[in-house]
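Q: Please take a close look at one part of this structure, the disulfide, and then follow the helices around the chain from there. I am a first-year student, so short steps would help.

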Amino acid sequence: KEKIMRRKLLILLMGGILSGCVTIENIDKTPFFYNKDLNVNIATYDKVKQSNIQNYWNRFNDKELTYFLNEVEKNNPNLSNALVNIKNYESLLINSQTKLRPNLFVNGSASEGKIAGSSNSYQQFGIQSSWEIDFLNKNKDVVNLNKLGLENAQNQWYDAKIILLAEAAKNYFSYQYCLKNVEILKNNLKSSVEQEKMTELKLEQGFESKVNFMLTQNVTKQAKNQLIAQQNQCENDLKALYVLSGIEQETLKEIVTVNDFNFNNLFIPTTIAGKLLLKRPDIQIAQNNVFINKYDLEKVKKSKYPTIEINGSITTSSLNIGNFSEKGSWSIGPLNISFPILDQKQIDAQENIGKEKIKQTEIELQYKIRNALREIEVSLNTLETNNKRKELISDIMASAKEIYEINLEKYQNGLITLFELEDYRKSYFNAILSHNQIEVTLINNTIDLFKVMGGDFKNE
């Protein structure tokens, strides 16, 4: 059947040269669930996604965070490399688009001289052209492949940017809450020192035992140890911010300060629209890979058929030798036809490989979708759970504070021992630290949701 088809095609090709009406049916390049429009303006689509990212971070209402993330983006080598990759695909796309048009070559020359008393002169200006007649849309397929390659390169850059900004923001809030814990630990140390002094005074007056005084000393030492450890953690977090952003550490100390985070700015959805799932960069790339392999397979199939290239030239010239002169010349042809007679087995083998690649990329696409669903579901469940935990821990902290203040008054009136008071104080202190921890965890959970959604969701 293929031999008969190729024989018919040769006849049709020759007729097509004269009539210009050779066409073939469009080959289906649509995956099993998704329609792809290769005429979409990629630059416009990218601006929309960029706007979504910016809107997300604006919700935190933190100018220092926005400044920090901008510096992170500017100073990251991976993003720079991804941008270079985009430029390479843009160049490939432009080069492939030029093949859809005839190649033109312009030349010109002139000379003048004398031979045996007579003058001669020669001038020439000409245009030459070669054009591969793309009956099977081979060159158009290459253009579409490069469009998909460019879109994949942009999605890779976009994915890298989302992950980078998400992790950088988590580092930013980690440092901010580290500073907040330092302030709490300083107050804890101050309280411990005051308690130690008061106990020492009571010991001197004979109203307190030496054991209780030693207890307050140990409590003070523990408070100092906790403060030193937390300050060291903050220094390490600060160095991480410097590496990410390139902002000097002294500048970071000035711009990243302890603030009470407004949790009303956080968007905590209960469901996610399925159409947003398909906009994840990794799923976009997996979808495009299905297309790429289908285009590659069609290229292999079309390589079984001949290629045709026609050449032509138009030249204007003036040749004067004595009394003899000649002007103008033009030509069309030759017509070159390439026929892959000896490559059929190799092409058949490539075709089988292409079919398996399509199956593999479709399996990979389905896996990416299942994995995305799992990640989003886990992120939503974690976010909802920790939001409930935050409410409970807030209540616990408020109760612990009230209980501590009541028992502090009892201790001052001699109704309870220092050991008992210390238990209440520790409970209140631990509740404050737990509250801080759940707050930064909840912030990180919302950032994780932003990341697993591919940075493309709004609070709608």
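**The disulfide and the helices**

A: Both Cys 178 and Cys 234 are buried. The model is predicted. These two cysteines are joined to each other by a disulfide, with an S to S distance of 2.1 Å. A disulfide is a covalent bond between the sulfur atoms of two cysteines. A search of the whole structure finds one disulfide.

Where do Cys 178 and Cys 234 lie? Cys 178 belongs to helix α5, residues 138–205. Cys 234 belongs to helix α6, residues 210–245. The pair therefore ties together parts that are 56 residues apart in sequence.

Next, the handedness of the bond. The torsion about the S-S bond of Cys 178 and Cys 234 is about -115 degrees, so this disulfide is left-handed.

Now take the two joined helices in turn, and look at a partner of each. Two packed helices are described by the angle between their axes and the distance between the axes.

Begin with α5. Helix α4, residues 77–98, packs with α5. Their axes are 9 Å apart, and the angle is about 170 degrees. An angle over 145 degrees counts as roughly antiparallel. So α4 and α5 are roughly antiparallel to each other. The crossing of α4 past α5 is left-handed. What kinds of residues make up the contact of α4 with α5? There are 14 nonpolar residues, seven polar and three charged.

Move on to α6, the helix that holds Cys 234. The partner here is helix α11, residues 418–452. The axes of α6 and α11 come within 11 Å. They cross at roughly 15 degrees. Angles under 35 degrees count as roughly parallel. That is why α6 and α11 are roughly parallel to each other. The crossing of α6 and α11 is right-handed.

Stay with α11 for a moment. Leu 433 has its place in this helix. Its relative accessibility is 22%, so Leu 433 counts as partly exposed. Which residue can be paired with Leu 433 across the chain? Take Lys 180. The two are 253 residues apart along the chain, yet their C-alpha atoms are separated by 9.5 Å.

A second pair links α10 with a residue further along. Ser 394 is found in helix α10. Ser 394 has a relative accessible area of 21%, so this serine is partly exposed. Ser 394 and His 435 are 41 residues apart in sequence. In space, 6.4 Å separates them, C-alpha to C-alpha.

That brings us to α10 itself. How many residues does α10 have? The count is 69. From its first C-alpha to its last, α10 reaches 98 Å. The span expected at 1.5 Å a residue is 102 Å, and the helix comes close to that value. After α10 comes Gly 414, with a positive phi near 75 degrees.

α10 also has a helix partner. Helix α9, residues 281–302, packs with α10, residues 344–412. The angle is about 170 degrees, and the axes are 9 Å apart. α9 and α10 are therefore roughly antiparallel to each other. α9 passes α10 in a left-handed crossing. The residues of this contact of α9 with α10 divide into 10 nonpolar, six polar and eight charged.

Two residues of α9 are worth a visit. One is Ile 283, which is found in this helix. With 0% relative accessibility, Ile 283 counts as buried, because buried means under 20%. Ile 283 and Ala 372 are 89 residues apart in sequence. In space, the pair is 8.4 Å apart, C-alpha to C-alpha.

The other is Lys 294, also found in helix α9. Buried or exposed? Lys 294 has a relative accessible area of 16%, so this lysine is buried. The C-alpha atoms of Lys 294 and Thr 361 are separated by 10.0 Å. Along the chain, these two residues are 67 apart.

Finish in a loop. Asn 61 is found between α2 (42–58) and α3 (63–74). Its phi is near 55 degrees, a positive value in a residue other than glycine. The relative accessibility of Asn 61 is 66%, so this residue counts as exposed. Compare that with the starting point: Cys 178 and Cys 234 are buried.

Conventions: Residues numbered from 1 in each chain as written. Predicted model: local features only at pLDDT ≥ 70, side-chain atom pairs only at ≥ 80, totals over all residues. Heavy atoms only, no water. Disulfide = S-S within 2.5 Å. Helix = DSSP H or I, 4+ residues; strand = E, 2+ residues; numbered from the N terminus. Buried < 20%, exposed > 50% of the residue type's maximum accessible area, 1.4 Å probe, protein only. Axes fitted to C-alpha atoms, helices over the stretch in contact; angles between N-to-C directions. Parallel < 35°, antiparallel > 145°, perpendicular 65-115°, else oblique. Left-handed = near helix turned anticlockwise from the far one by under 90°. Nonpolar A, V, L, I, M, F, W, Y, C, P; charged D, E, K, R; others polar. Expected span 1.5 Å × (residues − 1).
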